[in-house]
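User: I am new to this structure and would like a close look at one small part of it. Could you walk me through the turn around the residue I point to below, and then show me how the rest is built?

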Amino acid sequence: MSRLAKGGLIDRARSLAFTFDGRSYGGHAGDTLASALLANDVRLVGRSFKYHRPRGIVSAGAEEPNALVELRAGARREPNTRATVAELFDGLEAQSQNRWPSLDLDLLSVNQLLSPFLGAGFYYKTFMWPAAFWEKVYEPIIRRAAGLGRMAEAADPDPYEKASTFCDVLVIGAGPAGLMAALAAGRAGARVILADEDFLAGGRLNAETREIDGKPAAEWAARVTAELASLPNVRLMTRTTVFGVYDSGTYGALERVADHLPVPPPFQPRQRLWRIHARRAVLAAGATERPIVFGGNDRPGVMLAGAVRTYVNRFAVAPGHRVAVFANNDDAWRGALEIKAAGIEVAAIVDVRKAVAASLVQQAKAKGIRTLLDGRVTATHGKRLTAVDIVADGRTERLAVDTLAVSGGWSPNVHLTCHHGGKPAWDEAIAAFVPGIVPPLLAVAGAASGAFSLGAALTDGAAQGAEAAEALGFPVPLPDVPAVAEESVAITPFWHVADSRGPAFVDLQNDVTAKDITIAYKEGFRSVEHLKRYTTLGMATDQGRTSNVTGLAIMASLTGASIPETGTTIFRPPYTPVSLGALGGHHRGKDFRAVRLTPTHEWAKARGAVFIETGAWLRAQYFPRPGETDWLESVNREVKAVRASVGLIDVSTFGKIDLQGPDVGTLLDRLYINTFSTLAIGKARYGVMLREDGLVMDDGTTARLGAEHYVMTTTTANAAKVYQHLEFCLQVLWPQLDVSIASVSEQWAQIALAGPRARDVLARVVDAGVDVSNDGLPFMGAIEGTVLGGVKARLFRLSFSGELGFEIAVPARHGAALAQALMSAGEAFGITPYGIEALGVMRIEKGHVSGNELSGQTTARDLGFGRMASTKKDYIGRVMAGRPGLVDPQRPTFVGFKPVDPSQRLRAGAHFLKIGAAASLENDEGYMTSVAHSPHLGHWIGLGLLQRGPERIGERVRAYDPVRGGDIEVEICAPGFIDPEGERLRG
Amino acid sequence: MRIPCPYCGERDAHEFSYLGDATLTRPDPAAPDAPDRFFDYVYLRDNPAGAHQEWWYHAYGCRQWVKVERNTLTHAIAGARLARDARDAAGDAAGNVPGDAP
């Protein structure tokens, strides 16, 4: 065990059991998986991506490149989770990944032997040809070998949520700067949200043994956190990562509600995706330590110095028992002293600098730590680190250590400042990129802005928090900034020990070495964008947190340019990975989108209807009867029943728009190609409307109920679009028209009644005095009346099926009752409920156009409505419909088709060719849009668009359908296979 | 992105649907060069880098067409007016719309 006897911010009273690769271990509340593994002396946690080299924990935070593990099991298994941020809980199961058969013995580590061939550009150079090998050979091999974890193979059982919230000041990060910013704004009375990805607020205050106001810094952080939590206007959101900055002060955040629990508590999601609308924001995201690159720097035991410090101070864990520090900056020296103070042997501090502040050297020497200036690490030894070779003052020595704490300085976490496209700027003084142009209304404070000392972070945080609140009108007394001792943050840039031995990894997660960067340089991939893509530097899931700047610096040294000349790395959302579950929220499975049910849904369900999704609607597709084994059998029966007697179908899904006002007629005349202002009261008319580009937008019937009152129907699919179009016409194009419109699709249930006995049935449900005879309600009539004993109704004499037909609209709540009443009234006639399949068959038999023909590519003329278009008025689309290309007589035009051999099946989508013509694009004459099996005719029938179709009635063409192997002869006929004269519907 | 709807107040952009350039006027369909003018009206758009007047429809709100001035580079919104008010300001509220024959 490497748990220190005392200290740390863990709860030693609460022990937690967990497993790693099947072995049982123990930890404490307050541990991360990484700290608990280190406490149990588990140093080897994974294998590297490309070479399968053994790897250990490197960091103590979100930047971790190595310690990616699978968490949990079964349907909750989650790959590629960083052990350094996974909060330990009792019963946690974790597994290493990217190794086979085991972590200790990984056969794919043979890749190391191939490393001379697997360098930069390997994929581009090797898997080039033959092209046919890609899908069958290369890709499966690459996929198997290129590791990372396994997905769960079952659906995630946990719920996820999305939520929105608002605040005056959003503070991102609860380290010293963030706590002060939240305190300043919170005390001023602003609504504050303080978000931090960690489960414990405090940031680096928890990882170092500094003092604030004479007390341990972690205590100060806890006290401030408690005060913030007590303020009603402050919301503290721990375990919450602000991952993106969007427009107008909108921020994306991921709250890990239950990632630290075995299963989410009742009524709680696993994770919650937040959309935070903030009037101002303060980014106090801190900084990330970066390594120095040298040969063998990936050996388990080589860690970031700040991480070693975190494990020692926060988690009371000794990552090793004999530590050496390798650094180029003062901060690492303080780390060495803290490690030593915890009782861990520090063998030496190796600093690349020739001179270091005398006070630091004295302090180190006073504690008995060797200091080796002008030194460097040139090699490492052991499967797990056992020794390092050091060159200092020209002398080489081998130092036996089990841990090497490395620090190449700190890089401000500028990620979120780049989300509006701003590039970071190079700051020579701290050898790091600092925020450049930041998003509006976002201020950066503390280490994220490059202010690395604790005193500066506290002062800066307070100032930025106060400024944000003040700008919003909250009078702010600047809070007293607590007293801290000043510390030095001196650094001399140093990136790479060029004369070191062994592979020197820049990007540990993608196995990119310093040599790979040299290859890229030599082969001309020198710009940062080329470098990145050629070597995959920074393209792993850690997005190059610890490698980008170093990679740039190495390239800069090769080209002789400066780092800012070489390029910057910019960042896009998300800051850290966001699970697809959280992005999907509750929109999955049945809840993927809202389902709209017709007013007769339950009635249809009770009658055994099979339902189908049409847009958001669930509609009855057909109503199978006992003994019917095939959908076509049911549909044929339904069609025959309607044609022979009577049937009914719910058509409530059509869009219904109520239009009132003196100018409705004028408006409709401008919307439709035909005229509606002259429509008689009590009549309906079929209309076609175009888009302004001259193509058909929608069709439907519109009825005139009064002098200034019309009701329009649209297709189901276009209901919302047409309504929006009408609003555009009224608000933008012609606001002087006095028309009010309202969507009433939801308010009216509408049932179509069709068949020769339709009138007999209707007559039994209308109230006394409502005349539905051919005189009282002639074809295309539209009257208002009552049904079912006083229920307000609109009665339309319309027919989609070609039979005598009516549509009865009643307030939606009466829809089911109307259906039931019609069924009872029609019992004597064998009334048959039918679904949209039968509806479709009958409309094809009748030759009506529908969605397949209103494809957005057809003109009114294409669909046979050319003569319907008025020449006496302007309407939307008229001018553009006259374009030569749209009136070309060669355009495929609407006609019907039947197979020459009646036993053959037609297929929608088949293309038409002249008999004997080769199947080529030049010979294409159009295509079949809709087909159905006509029970009336006993064979398949089709509708389609064919060049000069109407002139070619009786001619035969080839219907060629290579996708499904269809190639048959069809005869062109008029679209209208039954009752072409329309005697039935007028009867 | 947040759009300040003049009727509903500031709302998330997801509540709106986008149409595009709001500076276009439907041409006079009776003009001799109507085909050319309609072609421009339907298809030709400037693609300014900067201030852009555009139509947004508040579909999940008041169902009003809103003329929004948005900076295409920064998404900063300089202002928003209801379509009717925007036309009033343009001085053509009297209904002198080309093609609007009595």
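Where I would like to start is Asp393(A): is this residue buried or exposed?

Analyst: Asp393(A) is exposed, because 9 other C-beta atoms lie within 10 Å of its own. The scale behind that word is simple: a residue is buried if 20 or more other C-beta atoms lie within 10 Å of its own, exposed if 12 or fewer, and partly exposed in between, with C-beta atoms placed from the backbone. Before going on, please keep in mind that this is a predicted model, in which local features need pLDDT of at least 70, side-chain atom pairs count only at pLDDT 80 or more, and totals for chains, interfaces and linings use all residues. Residues are numbered from 1 along each chain as its sequence is written, while chains are lettered from A and ligands numbered from 1 in the order in which they are written.

Asp393(A) sits in the loop between strand 22 and strand 23 of chain A. Helices (H or I, at least four residues) and strands (E, at least two) are DSSP runs, numbered from the N terminus. The phi of Asp393(A) is near 55°, a positive value in a residue other than glycine. As background, most residues other than glycine have a negative phi, and most peptide bonds are trans. Strand 22 and strand 23 of chain A make a hairpin with 2 residues between them. Strand 22 (residues 387-392) pairs with strand 23 of chain A in the antiparallel sense over 6 bridges; two strands count as paired if DSSP finds at least two bridges between them. Beside the turn, Ala392(A) stands opposite Arg395(A) of strand 23. Strand 23 (residues 395-400) of chain A lies largely in the open, because the number buried among its 6 residues is 0.

Phe267(A) also has a positive phi, about 65°, although it is not a glycine. Phe267(A) lies in the loop between strand 14 (250-255) and strand 15 (271-283) of chain A, and counts as exposed because it has 6 C-beta neighbours inside 10 Å. For a backbone feature of another kind, look at Pro573(A) and Pro574(A), joined by a cis peptide bond with omega of about -5°. Pro574(A) is in the loop between helix 13 (563-566) and helix 14 (580-584) of chain A.

Now for the whole chain. Chain A has 24 helices and 50 strands, and buried residues make up 54% of its 987 residues. The largest nonpolar core has 176 residues, and those with the most contacts inside it are Val169(A) and Val325(A). Such a core is a set of buried Ala, Val, Leu, Ile, Met, Phe, Trp, Tyr and Cys residues joined through C-beta atoms within 7 Å. Helix 9 (residues 454-471) of chain A gives the most to this core, with 9 residues. Leaving aside neighbours within four places in sequence, Val169(A) is in contact with residues including Ala185(A), Val282(A) and Gly465(A); contact requires C-beta atoms, placed from the backbone, within 7 Å. A second, separate core of 131 residues includes Trp748(A), Val761(A), Val970(A) and Ala86(B).

For a contrast with the open strand, try helix 21 (residues 836-846) of chain A, where 11 of 11 residues are buried. The buried residues of helix 21 pack against several elements of chain A, among them helix 16 (631-644) and strand 47 (926-934). Just after helix 21, Gly847(A) takes a positive phi of about 85°.

Finally, chain B. The contact takes 24 residues from chain B and 20 residues from chain A. Helix 1 of chain B gives the most to the side of chain B that touches chain A, with 4 residues. Chain B also has an open sheet of 4 strands in the order 3-4-5-6, with antiparallel pairing. Its edge strands are strand 3 (17-21) and strand 6 (77-82) of chain B, each pairing on one side only. Strand 3 and strand 4 of chain B run antiparallel and are joined by 4 bridges, and Tyr18(B) has Trp56(B) in strand 4 as its bridge partner. Helix 18 (residues 719-733) of chain A packs on this sheet, touching strand 3, strand 4 and strand 5 (65-71) of chain B.

Key: Contact = placed C-beta atoms within 7 Å. Axes fitted to C-alpha atoms, helices over the stretch in contact; angles between N-to-C directions.
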